[in-house]
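Please read the following walk through the structure alongside the sequence and the coordinates. The text moves from charged pairs to aromatic rings and then to the chain as a whole.

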Amino acid sequence: MMNVEPCGGCTRWLSLAVVAWLAGCTAGGAGDSGDVEPPTGPHSSAGCGLAGSGGSQTFTVIIDGTERTYEVQFPTPYSPSTPLALVFYFHWHGGTIADVLALDEPAIWDVPGAATSAVFAWPQGLPDANGEPEWDLSCTGVDMAFFDAMVTAIGDSHCIDLHRVFSTGFSSGADISNALACCRGDVLRAVAPASGYGLGSASSCTSADTPAVRFSYGTADTAYPQSELQDVITWYRGELGCTDAYDIVAVAPCSSTWNGDASPVTCACKSYHGCTKPMVACEFVDMPHTHADGWREDTWAFFSSFP
């Protein structure tokens, strides 16, 4: 599914979700059940110390007999002694790497400071029966193997902090991010799916862990049933042991409007209590199937708040 709607606005919440979560750990709120994820230092990949190069580079890998392509942006200048976060952005149904790079709102890499402190990877999906690029959401499918191969290859050639691997995407890109949380939650530190589902394999998750999450969606999204979007929140809350209590970490009204029609828009991000890791659900009233305005800044703030 492709982002064809113009975006509106929302008050920046930045890293308040994680701040609220950490505060709850000492006040009987978030983190008061289960084992809270401790802050830890970098888990350096095999590529640390090697003379890798910076800038944008295109790579290929053979998965199940098929050549797969992905583009990676490394900081310039690049330091082989500094373990960097690794952020994957998965395109929507029918999209391409070029489509993603042509749009402003998904461009987390353009947020000030992001391009110098993280590696960004854009994988290319395979054509479906109609010839439109899509993702295989199965825990035993080719795209899980593709993800594994990308993490290994990038980490073997460049200096990556393997404790700060993140995934995000819009629509079908959110689907695969949710599926990765189910199937590769022990690899991912956090995910930030935007307006997607992808939990068809949730009953047979192969991962022993679930990453932190910032999930965003609009109440006027007609690409997915609202019940499915709520199911995503319910699944993460269950996996992370969250209670019904939450803090509001963004306030209404938002700073702009959807579709330029001057209609008011409200938004609220709920940071749930009792979770073993940060769990934030952001609802945008009357927002259609699109990224929220400010999504890239909010997503980068969420990812960069993890030590």
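In this predicted model, the side chains of Asp 148 and Arg 184 form a salt bridge, with 2.8 Å from N to O. Asp 148 belongs to helix 4, while Arg 184 sits in the loop between helix 5 (172–183) and strand 8 (190–194), so the bridge ties together parts that are 36 residues apart in sequence. The two partners are covered to unlike extents: Asp 148 has a relative accessible area of 29% and is therefore partly exposed, whereas Arg 184, with 14%, is buried.

A salt bridge also joins Asp 209 and Lys 277, whose closest N and O atoms are 2.9 Å apart. Here both residues lie in loops: Asp 209 in the one between strand 8 and strand 9 (212–218), Lys 277 in the one between strand 11 (267–272) and strand 12 (279–284), so the pair connects parts 68 residues apart in sequence. Asp 209 counts as partly exposed because its relative accessibility is 36%. Lys 277 is buried, with a relative accessible area of 7%.

Helix 4 takes part in a further contact of this kind. Arg 68 forms a salt bridge with Asp 143, and the closest N and O atoms are 2.8 Å apart. Since Arg 68 is in strand 2 and Asp 143 in helix 4 (residues 142–157), the pair ties together parts that are 75 residues apart in sequence. Both Arg 68 and Asp 143 are buried. Arg 68 has an aromatic neighbour as well: it lies over the face of Phe 146, at 4.1 Å from the ring centre. The structure has seven salt bridges by the rule applied here, among them the Arg 68 pair with Asp 143.

Strand 2 (residues 66–74) also holds Glu 71. What is the nearest side chain of opposite charge to Glu 71, and how far away is it? It is Arg 68, at 14 Å, and Glu 71 is buried yet has no salt bridge. Side chains of opposite charge can pair when their charged atoms come close. For a salt bridge, the nitrogen must be within 4 Å of a carboxyl oxygen. Leaving aside residues up to four places away in sequence, Glu 71 touches Ser 56, Gln 57, Thr 58, Ile 97, Leu 101, Phe 120, Ala 121 and Trp 122.

The next topic is the aromatic rings. The whole structure contains 19 aromatic pairs. One of them is made by Phe 59 and Phe 74, with 6.4 Å between the centres and 90 degrees between the planes, an edge-to-face arrangement. Phe 59 is in strand 1 (residues 55–63) and Phe 74 in strand 2, 15 residues apart, and the pair links distant parts of the chain. Phe 59 has 23% relative accessibility and so counts as partly exposed, while Phe 74 is buried at a relative accessible area of 2%.

Phe 215 and Tyr 217 give a stacked pair, 5.5 Å centre to centre with 20 degrees between the planes. Both rings belong to buried residues: Phe 215 has a relative accessibility of 0% and Tyr 217 one of 3%.

Two residues in contact with Glu 71, Phe 120 and Trp 122, recur in an aromatic cluster, which is formed by Tyr 89, Trp 109, Phe 120, Trp 122, Trp 295 and Trp 300. Trp 295 and Trp 300 are also among the buried residues of helix 7, together with Arg 296, Asp 298, Thr 299, Ala 301, Phe 302 and Phe 303. Because eight of the ten residues of helix 7 are buried, this helix is largely enclosed by the rest of the structure.

The segment after helix 7 (295–304) contains Pro 307. Is Pro 307 buried or partly exposed? With 47% relative accessibility, Pro 307 counts as partly exposed. Its C-alpha atom is separated by 8.8 Å from that of His 163, although the two residues are 144 residues apart along the chain.

Some totals place these details in the chain. There are seven helices and twelve strands. Of the 307 residues, 53% count as buried. Among contacts with a separation of 6 or more, 72% come from residues 24 or more positions apart. The accessible surface is about 11700 Å², and carbon and sulfur atoms account for 54% of it.

Methods. Residues numbered from 1 in each chain as written. Predicted model: local features only at pLDDT ≥ 70, side-chain atom pairs only at ≥ 80, totals over all residues. Heavy atoms only, no water. Helix = DSSP H or I, 4+ residues; strand = E, 2+ residues; numbered from the N terminus. Buried < 20%, exposed > 50% of the residue type's maximum accessible area, 1.4 Å probe, protein only. Lys, Arg positive; Asp, Glu negative; His and termini not counted. Contact = heavy atoms within 4.5 Å. Areas by Shrake-Rupley, 256 points an atom, 1.4 Å probe, with all protein chains shown as cover. Phe/Tyr/Trp six-rings, centres within 6.5 Å; stacked < 30°, edge-to-face > 60°. Lys NZ or Arg CZ within 6 Å of the ring centre and 35° of its normal.
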